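Student: Please take one part of this model and look at it closely. After that, work outwards to the other parts that can be described in the same plain terms.

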Amino acid sequence: MFRRHNITARIFERQIHTPAPGTSIHRARRFYENIVPASTIYEVECPDNSFRKFTEDGKYLISFSRNHQDLIVYRPTWLSFSCKQEDCDNQPLPPKAKKFESFFTQLYSVPLASANELICKDFFLYAETNQFGLFATSTAQIYDAPATGGAIQGVPSIEKITFHLLRLEDGVVLDERVFRNDYINLAHSMGVFLFDDLLAIVSLRYQRIHILQIRDSGSLVDLRAIGEFCREDDELFLNSSAQALSSVDKRAPHHTPVNNAVNGSPLEQPAQENPFLSGIKQRLLSFIVRGIQNEEKDETMRIQSLKKKFYFHFQDYVDLIIWKVQFLDRHHLLIKFGSVDGAVSRNADNHPAFFAVYNMESTEIIAFYQPFNILQMSSDELYLLFEQYCDHFHVPSKSSPYMNFISSHSNNIHALEQLRSSKNKATSFPLFIKKVLVSLPFNCQSQSPSPYFDQSLFRFDEKLISAADRHRQSTDHPIKFILRRPPHTLKFKIKPGPEAGITDCRTKRISSFLFHPILPLALSVQQTLFLQPAVVNIHFRR
Amino acid sequence: MGSSWDVGNWPSFDPHNFSQLRPNDPSAPSKKTPITYHPTHERTLPPPDQVISSEAKNILLRQFYQRGDEKLRPKRAAPENLSPEQECKHPRASFASSSEPPK
């Protein structure tokens, strides 16, 4: 059906036509085709902060001071000025338009990090219902830390990581949670996942998943710590039985395969080196064994199968560590396992990744997927599920309904076309699966909900700009946003950096883009890798 | 039939339109009862103890559980059929099966 593009016609149509069932928000978003941030103010005079992002409800702009010790929060407002001429629309903007303060009001500046700590400027999570923000400060990283107290060898250690929970309305610090001599992946909030009021923090060093709850009053409450122990009272049970066992007999420690009991926690000997695997590792290995056992009817074939598929790789399975975690719903976690080297290296592509679905309540592993392997349960099954149900991996929660509208290949035909074409172009299917599954488990709140990134509204170059908030290589050419629907016109351009462009082509420049989720307002920040002040442009609708 | 269709009072092009319409007298309610239909058999009645509730697990988790149950259920039939593709509805099953590694 041919829809008129004229905004007045659209408004009249809105008055008389009810949208098709379930599409009222989609229809409202179509107005963003008409209201675009087409005007650019280059090189805005702004304070020398590193701007992080807009909160998902658009109420706050989060930024950190250059020395990474203070948090500064702004409220987005709008430029207002008066004009006495006749043709005001075409008059140039007043000089105050070039000031950052015309668009943003500073609410407060709170020092979060003390002397030797720094705020992790890539880390920020927003709990929308209560307008709480979660920030992290940490001391310096220590490589080659000795593996003491149950730590994994090879994972660096940070002396102190503090998570601060702030009420963003007034900047009051509500609660803190400290982790000492631990290592949590804070870059891009990779080691932490927020779902509604539940927080999952992965301690790489001690191999624990801490589940916390953010209460309405603002306190962080520990719910459980999964890793060595699965249920809350496992530790108590094991300690009490350990005392009883130590006096009974001393069996020679040996590597028994696994305890095939489904629900019982294995009895552990209080030996110095634990021959028994406990907690989630036990659950994982027993799930794998049971799966392999069930494949064969015949007893001898079963033993052969177990030898080939399990015992041969036993040490590899035992050495798996938790890399990353996300919630699938309030009780289920998607956990990514891998080797120690892969956890700390920046490029995890070369290291195989294993995925497991874990039910926190029943402490059972529901599913396990290995890298593409024709012999056993492999990642291509996980890839098929990801292809069909991508949105469910994004965990839509009731408190953030905008998540349903971020374009993914499950809710948008253009994104699906893109996925299909890259799948057909892939030279090797296992490599393609690996590349796609690298993004699982998803980083929390890493995609901008701005309608300008909606693939059914606009077409843009994904390599230069996209909903994911990562830094990109900066180009001189403006980034074009073209309408998807007829008449396929160019609606607006985003050009980072100075208006005249860069004359010095030698220095590498990176850009980041902050789009307001509701207003036609965007910031583009271009910086060089040396500590020169960033060039900030404001793109807005005049 | 009710008074809301009192179109005799509404403006129209021709004043003689709707002039023969007699509005319903509200003091004497209409004796017509709507026709009711009764089933002639009991084949479609729900079981008396049926409770309809929504599934707590979302569809993705249901898939994980289903595949996990398939793997862990002791097999009595041929062991080579590992995938439960035939049982559950896959709207793009044909697409899924065409995802062979290209040569």
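Tutor: A:Ser339 counts as partly exposed, because its relative accessibility is 27% and that class lies between the limits of under 20% for buried and over 50% for exposed. The model is a predicted one, and the description of this residue should be read as such. A:Ser339 sits in the loop of chain A that runs between strand E17 (332-338) and helix H7 (340-344). Once neighbours within four places in sequence are set aside, the contacts of A:Ser339 are A:Ile321, A:Trp323 and A:His351. A further reference point is A:Phe354, which lies 15 residues from A:Ser339 along the chain, with 9.5 Å between the two C-alpha atoms.

A:Leu194 can be set beside it. A:Leu194 belongs to a strand, E12 (residues 192-195) of chain A. Its relative accessible area is 9%, so A:Leu194 is buried. Leaving out neighbours within four places in sequence, A:Leu194 touches A:Leu125, A:Tyr126 and A:Ala127, together with A:Leu199, A:Ile214, A:Cys444 and A:Gln445. A:Glu299 is 105 residues away from A:Leu194 in sequence, and their C-alpha atoms are 46 Å apart.

A loop residue comes up again at A:Trp78, which is placed between strand E4 (70-76) and strand E5 (104-111) of chain A. With a relative accessibility of 30%, A:Trp78 counts as partly exposed. Together with A:Ile518 and A:Leu519, A:Trp78 makes a nonpolar surface patch of about 230 Å².

The strands on either side of that loop are themselves paired: E4(A) and E5(A) run antiparallel and are joined by seven bridges. Within this pairing, A:Arg75 faces A:Thr105 of E5(A). E4(A) also has an antiparallel pairing with strand E3 (residues 61-65) of chain A, through four bridges. Here A:Ile62 is the residue opposite A:Val73 in E4(A). E3(A) and E4(A) form a hairpin with four residues between the strands, and in this hairpin A:His68 adopts a positive phi near 55°. As for cover, E4(A) is mostly shielded, with five of its seven residues buried.

Two open sheets of chain A can be described strand by strand. One has five strands in the order E1-E26-E25-E24-E21, paired antiparallel. Its edges are strand E1 (39-41) and strand E21 (472-473) of chain A; each has a single partner strand, so one side of each has no neighbour in the sheet. The partner of E1(A) is reached through three bridges: E1(A) and strand E26 (residues 535-540) of chain A run antiparallel. In that pair, A:Ser39 is set opposite A:Phe540 of E26(A).

The other open sheet has three strands, E20-E22-E23 of chain A in that order, and its pairing is antiparallel too. Strand E20 (458-459) and strand E23 (490-494) of chain A form the edges, each pairing on one side only. Between strand E22 (residues 479-483) of chain A and E23(A) there are four bridges, in the antiparallel sense. Two phenylalanines face each other across this pair, as A:Phe481 stands opposite A:Phe492 in E23(A). In a regular strand, side chains alternate between the two faces of the sheet.

For helices, an example is H1 (residues 7-16) of chain A, whose buried residues are A:Ala9, A:Arg10 and A:Glu13. These residues cover an arc of only 100° around the axis, which puts them on the same side of H1(A). An α-helix has 3.6 residues a turn, so residues three or four places apart point the same way. What the buried residues of H1(A) pack against is helix H2 (24-29) of chain A. The other side of H1(A) carries A:Phe12 and A:Gln15, both exposed.

Chain B remains. Its secondary structure consists of two helices and zero strands. Chain B has 103 residues, and 17% of them count as buried. The area that chain B exposes is about 9,400 Å², of which carbon and sulfur atoms supply 57%.

To return to the starting point: A:Ser339 is a partly exposed residue in the loop between E17 and H7 of chain A, whereas A:Leu194 is buried and lies in strand E12 of chain A.

Key:
Residues numbered from 1 in each chain as written. Chains lettered and ligands numbered in written order. Predicted model: local features only at pLDDT ≥ 70, side-chain atom pairs only at ≥ 80, totals over all residues. Heavy atoms only, no water. Patch = residues over 30% accessible without salt bridge, like charges linked within 9 Å, V, L, I, M, F, W, Y side chains within 5 Å. Areas by Shrake-Rupley, 256 points an atom, 1.4 Å probe, with all protein chains shown as cover. Salt bridge = Lys/Arg side-chain N within 4 Å of Asp/Glu carboxyl O. Buried < 20%, exposed > 50% of the residue type's maximum accessible area, 1.4 Å probe, protein only. Pairing = 2+ DSSP bridges. Arc of directions from axis to C-beta. Contact = heavy atoms within 4.5 Å.
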